[in-house]
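Visitor: I have a structure open and would like to learn how to read it. Please take me through it feature by feature.

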Amino acid sequence: MTRAGTSTAVITGVGAYLPPNTVSNHELVERLDTTDEWIRSRTGIARRHVISPGTTTADLAVEAGRRALKSAGHDRVDAVVLATTTPDRPCPATAPEVASRLGLTGVAAFDVSAVCTGFLYGLATGAGLIAAGTAQHVLVIAAEAFTTLIDPEDRATAPIFGDGAGAVVLRAGRADEPGAVGPTLLGSDGENADLVAVGTSGGARRADGGPLPREERYFRMAGRQVFRHAVTRMSVVCADALTAADWTAADVDLLVAHQANARITSAVADFVGIPPERRASNIELVGNTAGASVPVLLADAAADGTLRPGHRVLLTAFGGGLTWGAATLVWPDVSPVL
Ligand code: COA
(Lines give C-alpha, C1' and ligand atoms only; values in the text may rest on other atoms or scores of the structure.)
Protein backbone atom coordinates (compact mmCIF):
# COMPACT_ATOMS: atom_id res chain seq x y z
CA MET A 1 0.00 0.00 0.00
CA THR A 2 2.86 2.39 0.77
CA ARG A 3 5.93 3.28 -1.23
CA ALA A 4 9.41 4.58 -0.52
CA GLY A 5 10.20 8.27 -0.96
CA THR A 6 7.65 10.83 0.13
CA SER A 7 4.58 9.06 -1.17
CA THR A 8 3.57 7.53 2.15
CA ALA A 9 0.64 9.02 4.08
CA VAL A 10 1.66 10.29 7.52
CA ILE A 11 -0.90 11.26 10.19
CA THR A 12 -0.31 14.81 11.43
CA GLY A 13 -3.54 15.54 13.30
CA VAL A 14 -6.54 13.86 14.88
CA GLY A 15 -9.85 15.23 16.09
CA ALA A 16 -13.28 14.04 17.12
CA TYR A 17 -16.69 15.48 17.81
CA LEU A 18 -19.60 13.85 19.64
CA PRO A 19 -22.93 15.68 19.77
CA PRO A 20 -23.60 16.86 23.36
CA ASN A 21 -26.96 15.11 23.80
CA THR A 22 -26.60 11.65 25.40
CA VAL A 23 -29.08 8.81 25.92
CA SER A 24 -28.44 6.39 28.79
CA ASN A 25 -29.54 2.77 28.98
CA HIS A 26 -31.99 3.82 31.67
CA GLU A 27 -33.70 6.19 29.24
CA LEU A 28 -33.95 3.40 26.65
CA VAL A 29 -35.45 1.03 29.21
CA GLU A 30 -38.36 3.47 29.62
CA ARG A 31 -39.47 2.90 26.01
CA LEU A 32 -38.04 -0.49 24.97
CA ASP A 33 -38.47 -4.07 26.22
CA THR A 34 -34.89 -4.29 27.52
CA THR A 35 -32.79 -3.79 30.64
CA ASP A 36 -29.61 -1.90 31.53
CA GLU A 37 -28.11 -5.24 32.58
CA TRP A 38 -28.86 -6.86 29.17
CA ILE A 39 -27.40 -3.98 27.19
CA ARG A 40 -24.27 -3.71 29.34
CA SER A 41 -23.56 -7.43 29.48
CA ARG A 42 -24.34 -8.18 25.80
CA THR A 43 -22.74 -5.06 24.25
CA GLY A 44 -20.66 -3.19 26.86
CA ILE A 45 -22.65 0.00 26.20
CA ALA A 46 -24.05 2.27 28.93
CA ARG A 47 -24.64 5.48 26.97
CA ARG A 48 -24.55 6.86 23.43
CA HIS A 49 -24.47 10.36 21.90
CA VAL A 50 -27.41 11.30 19.72
CA ILE A 51 -27.81 14.33 17.46
CA SER A 52 -30.47 16.93 18.20
CA PRO A 53 -33.12 17.68 15.59
CA GLY A 54 -31.67 19.83 12.82
CA THR A 55 -28.11 18.50 13.16
CA THR A 56 -26.83 16.54 10.17
CA THR A 57 -23.83 14.46 9.17
CA ALA A 58 -22.28 17.54 7.55
CA ASP A 59 -22.43 19.41 10.87
CA LEU A 60 -20.66 16.55 12.67
CA ALA A 61 -18.09 16.22 9.87
CA VAL A 62 -17.29 19.94 9.81
CA GLU A 63 -16.68 19.98 13.56
CA ALA A 64 -14.46 16.86 13.52
CA GLY A 65 -12.62 18.14 10.45
CA ARG A 66 -12.02 21.54 12.05
CA ARG A 67 -10.61 19.82 15.13
CA ALA A 68 -8.29 17.54 13.14
CA LEU A 69 -6.97 20.52 11.19
CA LYS A 70 -6.39 22.39 14.47
CA SER A 71 -4.53 19.34 15.79
CA ALA A 72 -2.39 19.29 12.63
CA GLY A 73 -1.72 23.02 12.99
CA HIS A 74 -2.78 24.12 9.51
CA ASP A 75 -5.95 24.86 7.59
CA ARG A 76 -5.13 23.80 4.02
CA VAL A 77 -5.46 20.36 2.43
CA ASP A 78 -5.75 19.30 -1.21
CA ALA A 79 -8.55 16.78 -0.71
CA VAL A 80 -11.37 15.93 1.69
CA VAL A 81 -12.52 12.31 1.92
CA LEU A 82 -15.72 11.82 3.92
CA ALA A 83 -16.67 8.31 4.99
CA THR A 84 -20.34 8.15 5.90
CA THR A 85 -23.38 5.90 5.81
CA THR A 86 -25.69 8.87 6.30
CA PRO A 87 -24.91 11.50 3.66
CA ASP A 88 -27.15 14.55 4.04
CA ARG A 89 -28.62 13.84 0.60
CA PRO A 90 -28.42 10.96 -1.92
CA CYS A 91 -27.06 13.52 -4.37
CA PRO A 92 -24.69 15.35 -4.21
CA ALA A 93 -22.04 13.89 -1.92
CA THR A 94 -21.74 15.60 1.47
CA ALA A 95 -17.95 16.10 1.29
CA PRO A 96 -17.97 19.18 -1.02
CA GLU A 97 -20.27 21.04 1.39
CA VAL A 98 -18.09 20.00 4.32
CA ALA A 99 -14.97 21.17 2.47
CA SER A 100 -16.53 24.55 1.69
CA ARG A 101 -17.67 25.05 5.27
CA LEU A 102 -14.09 24.40 6.32
CA GLY A 103 -12.90 27.14 3.95
CA LEU A 104 -11.64 24.58 1.42
CA THR A 105 -13.78 25.40 -1.62
CA GLY A 106 -12.01 24.18 -4.74
CA VAL A 107 -10.28 21.09 -3.35
CA ALA A 108 -11.17 17.52 -4.34
CA ALA A 109 -13.98 16.30 -2.08
CA PHE A 110 -16.00 13.10 -2.22
CA ASP A 111 -17.78 10.54 -0.04
CA VAL A 112 -16.79 6.95 0.65
CA SER A 113 -19.42 4.42 1.71
CA ALA A 114 -18.33 1.32 3.65
CA VAL A 115 -20.59 1.51 6.74
CA CYS A 116 -18.62 0.65 9.91
CA THR A 117 -15.41 0.10 7.90
CA GLY A 118 -15.78 3.59 6.43
CA PHE A 119 -12.81 5.17 8.17
CA LEU A 120 -10.39 2.46 7.05
CA TYR A 121 -11.66 2.71 3.47
CA GLY A 122 -11.32 6.49 3.71
CA LEU A 123 -7.83 6.23 5.18
CA ALA A 124 -6.74 3.89 2.37
CA THR A 125 -8.29 6.27 -0.19
CA GLY A 126 -6.52 9.28 1.31
CA ALA A 127 -3.23 7.36 1.42
CA GLY A 128 -3.82 6.37 -2.20
CA LEU A 129 -4.29 10.00 -3.28
CA ILE A 130 -0.95 10.80 -1.65
CA ALA A 131 0.79 7.74 -3.13
CA ALA A 132 -0.46 8.71 -6.60
CA GLY A 133 0.80 12.27 -6.20
CA THR A 134 -2.74 13.65 -6.54
CA ALA A 135 -2.59 15.29 -3.12
CA GLN A 136 0.05 16.32 -0.60
CA HIS A 137 -2.37 16.83 2.30
CA VAL A 138 -5.68 15.02 2.79
CA LEU A 139 -8.37 15.43 5.44
CA VAL A 140 -10.06 12.08 6.08
CA ILE A 141 -13.30 12.40 8.05
CA ALA A 142 -15.70 9.70 9.17
CA ALA A 143 -19.06 11.10 10.29
CA GLU A 144 -22.29 9.33 11.08
CA ALA A 145 -25.74 10.53 12.04
CA PHE A 146 -26.42 6.83 12.35
CA THR A 147 -29.37 7.11 14.71
CA THR A 148 -31.36 8.64 11.84
CA LEU A 149 -31.41 5.13 10.32
CA ILE A 150 -32.46 3.38 13.52
CA ASP A 151 -36.00 2.24 14.28
CA PRO A 152 -36.62 3.69 17.76
CA GLU A 153 -38.82 0.68 18.51
CA ASP A 154 -36.22 -1.95 17.54
CA ARG A 155 -34.59 -3.23 20.71
CA ALA A 156 -32.03 -5.18 18.65
CA THR A 157 -30.43 -2.03 17.20
CA ALA A 158 -31.57 1.04 19.18
CA PRO A 159 -29.31 0.27 22.18
CA ILE A 160 -26.22 -0.18 20.04
CA PHE A 161 -25.78 2.81 17.77
CA GLY A 162 -24.84 6.42 18.42
CA ASP A 163 -23.79 9.47 16.41
CA GLY A 164 -20.38 11.09 16.09
CA ALA A 165 -17.43 12.00 13.90
CA GLY A 166 -13.66 11.63 13.88
CA ALA A 167 -10.98 12.80 11.49
CA VAL A 168 -7.29 12.65 10.70
CA VAL A 169 -5.06 14.86 8.58
CA LEU A 170 -2.58 13.09 6.31
CA ARG A 171 0.47 14.55 4.60
CA ALA A 172 2.95 13.09 2.14
CA GLY A 173 5.94 11.69 3.99
CA ARG A 174 8.23 8.72 4.43
CA ALA A 175 7.37 5.16 5.46
CA ASP A 176 9.82 5.26 8.38
CA GLU A 177 8.32 8.38 10.00
CA PRO A 178 6.07 8.16 13.07
CA GLY A 179 2.48 8.44 11.88
CA ALA A 180 3.18 6.66 8.59
CA VAL A 181 0.19 4.56 7.59
CA GLY A 182 1.46 1.00 7.06
CA PRO A 183 0.01 -1.76 4.94
CA THR A 184 -3.77 -1.34 4.78
CA LEU A 185 -5.87 -4.39 3.94
CA LEU A 186 -9.49 -4.12 2.83
CA GLY A 187 -12.13 -6.69 1.90
CA SER A 188 -15.80 -7.16 1.12
CA ASP A 189 -18.49 -9.84 0.76
CA GLY A 190 -21.60 -8.64 -1.05
CA GLU A 191 -23.17 -12.08 -0.85
CA ASN A 192 -24.05 -11.16 2.73
CA ALA A 193 -25.20 -7.63 1.97
CA ASP A 194 -28.63 -8.29 3.48
CA LEU A 195 -27.25 -9.06 6.97
CA VAL A 196 -26.76 -5.34 7.68
CA ALA A 197 -29.01 -3.17 5.56
CA VAL A 198 -31.52 -0.37 5.27
CA GLY A 199 -34.35 -1.87 3.20
CA THR A 200 -34.36 -0.65 -0.35
CA SER A 201 -34.98 3.04 0.24
CA GLY A 202 -32.15 4.01 -2.10
CA GLY A 203 -31.82 3.62 -5.85
CA ALA A 204 -33.26 0.09 -5.96
CA ARG A 205 -36.62 1.18 -4.51
CA ARG A 206 -36.73 4.35 -6.59
CA ALA A 207 -36.20 2.23 -9.71
CA ASP A 208 -39.24 0.15 -8.67
CA GLY A 209 -41.29 3.29 -8.26
CA GLY A 210 -43.25 1.70 -5.42
CA PRO A 211 -44.11 3.23 -2.03
CA LEU A 212 -41.72 2.66 0.87
CA PRO A 213 -43.10 0.29 3.51
CA ARG A 214 -42.23 1.11 7.13
CA GLU A 215 -40.15 -2.06 7.65
CA GLU A 216 -37.87 -1.04 4.79
CA ARG A 217 -37.27 2.46 6.08
CA TYR A 218 -34.96 1.47 8.92
CA PHE A 219 -31.64 -0.26 9.47
CA ARG A 220 -31.98 -4.00 10.18
CA MET A 221 -29.25 -6.32 11.34
CA ALA A 222 -29.09 -10.10 11.70
CA GLY A 223 -27.21 -9.65 14.98
CA ARG A 224 -26.04 -13.18 15.69
CA GLN A 225 -24.77 -13.82 12.14
CA VAL A 226 -23.17 -10.38 11.92
CA PHE A 227 -21.43 -11.06 15.23
CA ARG A 228 -19.85 -14.23 13.83
CA HIS A 229 -18.77 -12.58 10.58
CA ALA A 230 -17.35 -9.61 12.48
CA VAL A 231 -15.18 -11.79 14.70
CA THR A 232 -13.93 -13.98 11.86
CA ARG A 233 -13.26 -11.22 9.33
CA MET A 234 -11.51 -8.86 11.76
CA SER A 235 -9.45 -11.69 13.27
CA VAL A 236 -8.18 -12.83 9.88
CA VAL A 237 -7.55 -9.36 8.46
CA CYS A 238 -5.69 -8.35 11.64
CA ALA A 239 -3.44 -11.39 11.35
CA ASP A 240 -2.83 -10.57 7.67
CA ALA A 241 -2.09 -6.90 8.44
CA LEU A 242 0.47 -7.94 11.06
CA THR A 243 2.13 -10.26 8.54
CA ALA A 244 2.14 -7.50 5.91
CA ALA A 245 3.81 -5.12 8.39
CA ASP A 246 6.25 -7.83 9.52
CA TRP A 247 4.93 -7.47 13.06
CA THR A 248 3.72 -10.08 15.54
CA ALA A 249 0.96 -9.60 18.10
CA ALA A 250 3.68 -8.94 20.69
CA ASP A 251 4.73 -5.84 18.69
CA VAL A 252 1.29 -4.25 19.04
CA ASP A 253 1.09 -1.66 21.84
CA LEU A 254 -2.58 -0.89 21.20
CA LEU A 255 -5.43 -2.49 19.30
CA VAL A 256 -7.88 0.15 18.09
CA ALA A 257 -10.85 -1.86 16.88
CA HIS A 258 -14.22 -0.70 15.64
CA GLN A 259 -16.43 -0.40 18.71
CA ALA A 260 -19.27 -2.68 17.56
CA ASN A 261 -19.68 -4.71 20.69
CA ALA A 262 -17.26 -5.26 23.60
CA ARG A 263 -17.63 -9.02 23.17
CA ILE A 264 -16.62 -8.79 19.49
CA THR A 265 -13.48 -6.78 20.33
CA SER A 266 -12.54 -9.29 23.04
CA ALA A 267 -12.96 -12.24 20.71
CA VAL A 268 -10.86 -10.61 17.98
CA ALA A 269 -8.14 -9.55 20.41
CA ASP A 270 -8.06 -13.03 21.96
CA PHE A 271 -7.69 -14.58 18.51
CA VAL A 272 -4.90 -12.19 17.48
CA GLY A 273 -3.18 -12.56 20.87
CA ILE A 274 -3.46 -9.03 22.25
CA PRO A 275 -4.02 -8.93 26.03
CA PRO A 276 -6.75 -6.77 27.66
CA GLU A 277 -4.38 -4.01 28.78
CA ARG A 278 -3.44 -3.38 25.13
CA ARG A 279 -7.00 -2.96 23.82
CA ALA A 280 -8.43 0.56 23.48
CA SER A 281 -12.11 0.96 24.29
CA ASN A 282 -14.66 3.74 24.62
CA ILE A 283 -17.80 1.77 23.78
CA GLU A 284 -19.26 2.13 27.27
CA LEU A 285 -19.78 5.88 26.90
CA VAL A 286 -19.90 6.27 23.11
CA GLY A 287 -21.67 3.18 21.75
CA ASN A 288 -21.21 2.09 18.15
CA THR A 289 -20.74 5.18 15.96
CA ALA A 290 -20.34 3.03 12.81
CA GLY A 291 -17.64 4.38 10.49
CA ALA A 292 -16.67 7.11 12.96
CA SER A 293 -15.77 4.74 15.77
CA VAL A 294 -12.10 4.13 14.89
CA PRO A 295 -11.02 7.81 14.61
CA VAL A 296 -13.14 8.77 17.63
CA LEU A 297 -11.39 6.03 19.60
CA LEU A 298 -7.97 7.15 18.32
CA ALA A 299 -8.70 10.69 19.53
CA ASP A 300 -10.07 9.49 22.88
CA ALA A 301 -7.15 7.11 23.49
CA ALA A 302 -4.60 9.77 22.54
CA ALA A 303 -6.34 12.26 24.85
CA ASP A 304 -6.42 9.96 27.89
CA GLY A 305 -2.83 8.74 27.42
CA THR A 306 -3.73 5.17 26.49
CA LEU A 307 -2.24 5.92 23.07
CA ARG A 308 1.17 7.57 23.19
CA PRO A 309 3.73 8.71 20.60
CA GLY A 310 5.78 5.75 19.39
CA HIS A 311 3.06 3.21 20.13
CA ARG A 312 2.61 0.58 17.46
CA VAL A 313 -1.08 0.52 16.63
CA LEU A 314 -3.25 -2.06 14.91
CA LEU A 315 -6.50 -0.64 13.50
CA THR A 316 -9.37 -2.83 12.42
CA ALA A 317 -13.03 -2.53 11.50
CA PHE A 318 -15.94 -4.51 10.13
CA GLY A 319 -19.31 -3.42 8.82
CA GLY A 320 -22.18 -3.67 6.41
CA GLY A 321 -21.45 -4.62 2.86
CA LEU A 322 -20.08 -6.75 4.31
CA THR A 323 -16.79 -4.85 4.52
CA TRP A 324 -13.71 -5.12 6.69
CA GLY A 325 -10.17 -3.85 6.97
CA ALA A 326 -7.03 -3.47 9.06
CA ALA A 327 -3.97 -1.22 9.09
CA THR A 328 -0.84 -0.71 11.14
CA LEU A 329 0.91 2.51 12.10
CA VAL A 330 3.29 3.98 14.65
CA TRP A 331 1.49 6.74 16.54
CA PRO A 332 2.99 10.24 15.94
CA ASP A 333 3.53 13.04 18.43
CA VAL A 334 0.22 14.82 17.87
CA SER A 335 -2.19 16.46 20.31
CA PRO A 336 -5.76 15.34 19.68
CA VAL A 337 -8.49 17.96 19.65
CA LEU A 338 -11.80 16.87 21.13
N1 COA B 1 -32.86 -6.49 25.40
C2 COA B 1 -33.22 -7.70 25.86
N3 COA B 1 -33.20 -8.81 25.11
C4 COA B 1 -32.81 -8.68 23.83
C5 COA B 1 -32.43 -7.44 23.29
C6 COA B 1 -32.47 -6.31 24.11
N7 COA B 1 -32.11 -5.08 23.70
N8 COA B 1 -32.09 -7.64 22.00
C9 COA B 1 -32.23 -8.93 21.74
N10 COA B 1 -32.70 -9.58 22.86
C11 COA B 1 -32.98 -10.98 23.03
C12 COA B 1 -33.32 -11.68 21.75
O13 COA B 1 -34.68 -11.51 21.43
C14 COA B 1 -32.97 -13.10 22.06
O15 COA B 1 -34.00 -13.69 22.78
P16 COA B 1 -34.37 -15.23 22.55
O17 COA B 1 -33.14 -15.99 22.95
O18 COA B 1 -35.52 -15.42 23.45
O19 COA B 1 -34.67 -15.35 21.09
C20 COA B 1 -31.77 -12.97 23.01
O21 COA B 1 -31.81 -11.62 23.52
C22 COA B 1 -30.46 -13.19 22.32
O23 COA B 1 -30.50 -12.47 21.10
P24 COA B 1 -29.26 -12.41 20.16
O25 COA B 1 -29.55 -11.55 18.98
O26 COA B 1 -28.73 -13.79 19.91
O27 COA B 1 -28.26 -11.67 21.15
P28 COA B 1 -26.72 -11.49 20.99
O29 COA B 1 -26.06 -11.97 22.18
O30 COA B 1 -26.24 -11.93 19.65
O31 COA B 1 -26.60 -9.90 21.02
C32 COA B 1 -26.32 -8.13 19.48
C33 COA B 1 -27.28 -9.13 20.06
C34 COA B 1 -27.01 -7.32 18.40
C35 COA B 1 -25.84 -7.21 20.57
C36 COA B 1 -25.12 -8.89 18.89
O37 COA B 1 -25.58 -9.92 18.06
C38 COA B 1 -24.19 -8.03 18.11
O39 COA B 1 -23.50 -7.22 18.67
N40 COA B 1 -24.10 -8.27 16.81
C41 COA B 1 -23.14 -7.59 15.95
C42 COA B 1 -23.40 -6.14 15.91
C43 COA B 1 -22.40 -5.47 15.04
O44 COA B 1 -21.27 -5.86 14.93
N45 COA B 1 -22.79 -4.44 14.38
C46 COA B 1 -21.90 -3.70 13.57
C47 COA B 1 -21.88 -4.19 12.22
S48 COA B 1 -22.20 -2.80 11.20
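Visitor: Which backbone atom is paired with a nitrogen atom of the ligand, and at what distance?

Guide: A polar contact is a pair of N or O atoms within 3.5 Å. In this predicted model, a polar backbone atom of R155 lies 2.9 Å from a nitrogen atom of the ligand. Two side chains also come in: a polar side-chain atom of R42 is 2.8 Å from an oxygen atom of the ligand, and a polar side-chain atom of R224 is 2.4 Å from an oxygen atom of the ligand.

Visitor: How much of the ligand does the protein bury?

Guide: The ligand taken alone exposes 960 Å², and the protein buries 75% of that.

Visitor: How many residues surround the ligand, and which are the closest?

Guide: There are 22 residues around the ligand, and the closest are T34, R42, R155, R224 and N261. By type, the shell holds ten nonpolar, seven polar and five charged residues.

Visitor: Where in the chain do the shell residues come from?

Guide: Look at domains, then at helices. Domain 1 (8-173) and domain 2 (181-330) each give at least three residues to the shell around the ligand. Helix 2 (36-43), helix 7 (223-245) and helix 8 (262-272) each supply at least two. Helix 7 gives the most, with four residues.

Visitor: Since helix 7 has come up, is R233 buried, partly exposed or exposed?

Guide: Buried means under 20% relative accessible area, exposed means over 50%, and partly exposed is in between. R233 lies in helix 7 and has 29% relative accessibility, so R233 counts as partly exposed. V231 is also found in helix 7; at 18% relative accessibility, V231 counts as buried.

Visitor: What is the distance between the C-alpha atoms of R233 and T316?

Guide: Separation along the chain and separation in space are two readings. R233 and T316 are 83 residues apart along the chain, and their C-alpha atoms are separated by 9.8 Å. For V231 and A124, 107 residues apart along the chain, the C-alpha separation is 22 Å.

Visitor: Now the strands. In which sense do strand 1 and strand 7 run, and how many bridges join them?

Guide: Strand 1 and strand 7 (residues 164-173) run antiparallel and are joined by nine bridges. Two pairs to find on screen: Y17 stands opposite A165 in strand 7, and T8 has G173 of strand 7 as its bridge partner. Strand 7 also pairs with strand 6 (residues 137-144), in the antiparallel sense, over eight bridges. There, I141 stands opposite A167 in strand 7.

Visitor: Why is strand 1 described as largely enclosed?

Guide: Count the buried residues. In strand 1 (residues 8-17), ten of the ten residues are buried, so strand 1 is largely enclosed by the rest of the structure. For strand 7 the count is nine of the ten, so strand 7 is also largely enclosed.

Visitor: Last, the backbone angles. Which peptide bond has omega of about 0°?

Guide: The bond joining C91 and P92 is cis, with omega about 0°. P92 sits in the loop between strand 4 (79-83) and helix 4 (95-101). The bond from G321 to L322 is cis as well, with omega near -15°.

Visitor: Which residue has a positive phi of about 55° although it is not a glycine?

Guide: That is A290, found in the loop between helix 9 (283-286) and helix 10 (293-303). A290 is buried, with a relative accessible area of 0%. V115, not a glycine either, has a positive phi of about 50°.

Terms used
Residues numbered from 1 in each chain as written. Predicted model: local features only at pLDDT ≥ 70, side-chain atom pairs only at ≥ 80, totals over all residues. Heavy atoms only, no water. Near = heavy atom within 4 Å. Polar contact = N/O pair within 3.5 Å; in protein donor to acceptor, adjacent residues only side chain to side chain. Areas by Shrake-Rupley, 256 points an atom, 1.4 Å probe, with all protein chains shown as cover. Nonpolar A, V, L, I, M, F, W, Y, C, P; charged D, E, K, R; others polar. Domains from an automatic or database assignment. Buried < 20%, exposed > 50% of the residue type's maximum accessible area, 1.4 Å probe, protein only. Pairing = 2+ DSSP bridges.
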